[in-house]
Amino acid sequence: MNLGPHAAFIVASYAIAAAVVAVLIGWIAFDNRAQRRNLARLEAHGVTRRSENSA
Amino acid sequence: MPLIDLANPTRYLQLSGRALPWLIAITAAACVAGLYLTANAPDDYQQGATVKIMFIHVPAAWLGMFGWAMMSAAALGTLVWRHPLADVAAKAAAPIGAAFTFLCLVTGSLWGRPMWGTYWVWDARLTSVLLLFLMYLGVIALWRTVEDPSRAARAAAILTLVGAINLPIIKWSVDWWNTLHQPASVIKMGGPAIYSTILIPLLVMAIAFTLLFMTLHVAAMRNEILRRRVRTLMLMQAQTAPGSGA
């Protein structure tokens, strides 16, 4: 694929797009793990929601 | 089952947990198809290979605006119906919309330098999109500043609805003012002004970006529901702790 004289601008655009998407995915995955860990820790201490207690 | 029951946070976690793997697979397939078509798209007769920047710049711009439109609809849900998932949806959409708007600005700059001879001009289109990005940052800051989620939701909803005035300004800025940015060439009266060999990859990339936005949004909403559960449990723990007076 020949990107011509402005190849650096095209490659930079796609690299930045990939980086932004990777950061978004990484942040959401990390946040999910953190919230699940916090929930598990609280439940291990016997703290549960009322709806779960009555179930 | 009534439709309103589907919007219950617990039900949402169940349904989205089942849908998310499918959404991820469809999004990945759409991204691969979009990138394949992009790599094989012909050069533009005037812009050469730099037209490939358009395949990410334009969908990013659409999704940046779509994110705010979605937040505005959710803001109505918060203010009018006080729906439990509306402010969760709005809060989860803000960082994703900000990221797509940032991508639009950066790729626009990188496209502008070889085509216009400059990275930036203060014309109406560029300035109104920069304003959209700053408004996203403002809403995110507001969510982080107010500790009580329901109070933060109302303040963010009002800010979001006020900010929605910027959406038609972005869309028609190129018609209302004399701008360096080109006028609309896809969504316009009389149909697209782009030849199909470039239009098809652009539309496939737009579908891929939309699926990516939706998948990330569904996952971010799940995180926000879990965060609120953690907050509720921590408050319960604090109330039942010895010396709390409860």
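Biologist: Is Thr160(B) buried or exposed?
Modeller: This is a predicted model, where local features need pLDDT of at least 70 and side-chain atom pairs 80 or more, while totals for chains, interfaces and linings use all residues. Residues are numbered from 1 along each chain as written, chains are lettered from A and ligands numbered from 1 in written order, and side-chain values use heavy atoms, without hydrogens or water. Thr160(B) sits in helix α6 (residues 149–163) of chain B, helices being DSSP H or I runs of at least four residues, numbered from the N terminus. Its relative accessible area is 2%, and since under 20% is buried (over 50% exposed, partly exposed in between; 1.4 Å probe, protein chains only), Thr160(B) is buried.

Biologist: Which residues is Thr160(B) in contact with, leaving aside neighbours within four places in sequence?
Modeller: Contact here means heavy atoms within 4.5 Å. On that basis, the partners of Thr160(B) are Trp68(B), Met71(B), Ser72(B), Ala75(B) and Val139(B).

Biologist: Which backbone oxygen lies 2.6 Å from a polar atom of the Thr160(B) side chain?
Modeller: Thr160(B) belongs to α6 of chain B. The oxygen 2.6 Å from its side-chain polar atom is that of Ala156(B).

Biologist: How do α1 of chain A and α4 of chain B run, roughly parallel or roughly antiparallel?
Modeller: Helix α1 (residues 7–44) of chain A and helix α4 (residues 86–116) of chain B pack at about 170°, axes 9 Å apart. Over 145 degrees counts as roughly antiparallel (under 35 is roughly parallel), so α1(A) and α4(B) are roughly antiparallel.

Biologist: How far apart are the end C-alpha atoms of α3 in chain B?
Modeller: Helix α3 (residues 51–81) has 31 residues, so at 1.5 Å a residue it should span 45 Å. The end C-alpha atoms agree with that, lying apart by 45 Å.

Note on methods. Axes fitted to C-alpha atoms, helices over the stretch in contact; angles between N-to-C directions. Helix = DSSP H or I, 4+ residues; strand = E, 2+ residues; numbered from the N terminus. Parallel < 35°, antiparallel > 145°, perpendicular 65-115°, else oblique. Expected span 1.5 Å × (residues − 1). Polar contact = N/O pair within 3.5 Å; in protein donor to acceptor, adjacent residues only side chain to side chain.
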